[in-house]
Amino acid sequence: MLSPPAMCRLFALHAGSRPVRATFWLLDAPDSLADQSRREPDGAGIGTFDADGGPRVAKQPLAAWEDHAFAREARDLKSTTFLAHVRYASTGAHTLVNTHPFEQDGRLFAHNGAFGDLERLDQRLIELGAADLVFGQTDSERLFALITAETRRAGGAIGEGITAAIKWVAAELPVFSLNIIVTTATDLWALRYPAAHELYILERDPAAAPAPAAPLDARSNRIHSRSTELAYNPHVLLATEPMDHSPAWRPMTSGELVHVDQSLTVTATHPFPDAPAHPLTLADLEPHAAASQKP
């Protein structure tokens with residue numbers, strides 16, 4: 001279950017219509033401090049929603065030799081949806097503004113992957129009147145801005161906005177990976193595209209399990225989430241890798257877009273059946289970006 005500490009880590013949890021408590025640790029790694037000092041990530045953050053549906057983000061840019069108290073500290077949070085991200089930068093400096101999750105129009109977003117020709121994307125954002133949504137240097141924040149712009153053009157239909165934005169990027173830009181998660185207080189969307197990085201989903205209903213109910217205890221070697229309340233409530237998890245021993249984890253397929261609504265109904269569509277028009281490989285990326293994308 002514990003995988004090598006390379007590339008970004010994504011984790012999302014949808015608990016349904018009732019807010020629940022979950023305790024998070026980021027950088028919950030078993031390896032030594034000496035090893036960690038040579039491969040520390042470039043940022044960590046957790047996104048939640050308050051009782052009124054407003055987004056809340058706690059994040060910190062982390063680089064080698066910095067104080068990691070933020071990331072190692074357990075955080076007891078309450079929300080209907082949660083989004084956690086540990087960043088290994090492919091573009092952008094190690095600053096707060098470049099750290100995931102990002103917030104736009106009351107939605108939260110995190111990305112694992114890389115793509116190129118950001119100048120072309122910047123021009124597209126200017127054309128759509130969305131350039132002011134970008135405050136940092138990352139490809140991720142620009143991708144989110146494009147999704148936000150297309151969602152606005154679709155009258156607030158987030159699934160349509162994601163589809164339009166990804167189709168444009170896949171047709172116009174060189175792409176390595178566009179794995180993304182978007183959350184609101186009531187809904188969650190996750191995309192795996194193309195097949196460069198895996199993304200897993202687990203639908204968990206404690207009432208249907210043959211064994212006695214157990215607390216949620218989902219962990220990788222960078223993200224750990226625990227919730228006693230979710231021992232008794234159904235929920236849906238999305239993650240870069242399976243985070244417990246449940247056989248119910250399944251890998252999303254390339255081009256699959258998953259939507260989880262407030263009732264925890266999971267709808268999977270495949271709006272991206274084809275590969276990007278200009279696919280990238282690790283060998284095409286500059287060395288630092290390639291290092292951040294190694295599985």
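Seven strands form an open sheet in the order β4-β3-β6-β1-β14-β11-β15, and their pairing is antiparallel. At the two edges sit β4 (55-60) and β15, each of which pairs on one side only. This is a predicted model, and 14 salt bridges are found in it. The points below start with the sheet, then turn to one loop residue and to the charged pairs.

**Strand β11 and its neighbours**

- Strand β11 covers residues 200-204 and is mostly covered, with 4 of its 5 residues buried.
- On one pairing, β11 runs antiparallel to β14, and 5 bridges join the two strands.
- Within that pairing, Ile201 stands opposite Leu238 of β14.
- β11 also pairs with strand β15 (residues 250-251), again in the antiparallel sense, here over 2 bridges.
- Tyr200 has Pro251 as its bridge partner in β15, while Ile201 faces Arg250 in β15.
- As general background, strands of a sheet pair through backbone hydrogen bonds, either parallel or antiparallel.

**Asn233, a loop residue with several partners**

- Asn233 is found in the loop that runs between β13 (223-227) and β14 (235-239).
- The side chain of Asn233 makes a polar contact of 3.3 Å with the side chain of Arg18.
- A polar atom of the Asn233 side chain also lies 2.8 Å from the backbone oxygen of Glu229.
- Leaving aside residues up to four places away in sequence, Asn233 touches Arg18, Arg204 and Pro206.
- Of these contacts, Arg204 belongs to the range of strand β11, residues 200-204.

**Glu241 and Arg9: a buried salt bridge**

- The side chains of Glu241 and Arg9 come together in a salt bridge, with 2.9 Å from N to O.
- Glu241 lies in the loop between β14 and β15, and Arg9 in strand β1 (residues 9-14), so this pair ties together parts that are 232 residues apart in sequence.
- Glu241 has a relative accessible area of 8%, so it counts as buried.
- Arg9 is buried as well, because its relative accessible area is 2%.

**Arg152 and Asp105: a partly exposed salt bridge**

- Another salt bridge joins the side chains of Arg152 and Asp105, also at 2.9 Å from N to O.
- This pair links distant parts of the chain, 47 residues apart: Arg152 is in helix α4 (residues 139-153), and Asp105 is in the loop between β7 (102-104) and β8 (107-115).
- Arg152 has 43% relative accessibility, so it counts as partly exposed.
- Asp105 is likewise partly exposed, because its relative accessibility is 39%.

**Glu256 and Arg250: a salt bridge at an edge strand**

- The side chains of Glu256 and Arg250 meet in a salt bridge of 2.6 Å, N to O.
- Glu256 counts as buried, because its relative accessibility is 2%.
- Arg250 has a relative accessible area of 29%, so it is partly exposed.
- Elsewhere, Arg124, Glu127, Glu150 and Arg153 are joined into one network by salt bridges that share partners.
- Arg250 also has a place in the sheet, as it stands opposite Ile201 from within β15, and β15 is one of the edge strands.

Technical notes. Residues numbered from 1 in each chain as written. Predicted model: local features only at pLDDT ≥ 70, side-chain atom pairs only at ≥ 80, totals over all residues. Heavy atoms only, no water. Polar contact = N/O pair within 3.5 Å; in protein donor to acceptor, adjacent residues only side chain to side chain. Contact = heavy atoms within 4.5 Å. Buried < 20%, exposed > 50% of the residue type's maximum accessible area, 1.4 Å probe, protein only. Pairing = 2+ DSSP bridges. Salt bridge = Lys/Arg side-chain N within 4 Å of Asp/Glu carboxyl O.
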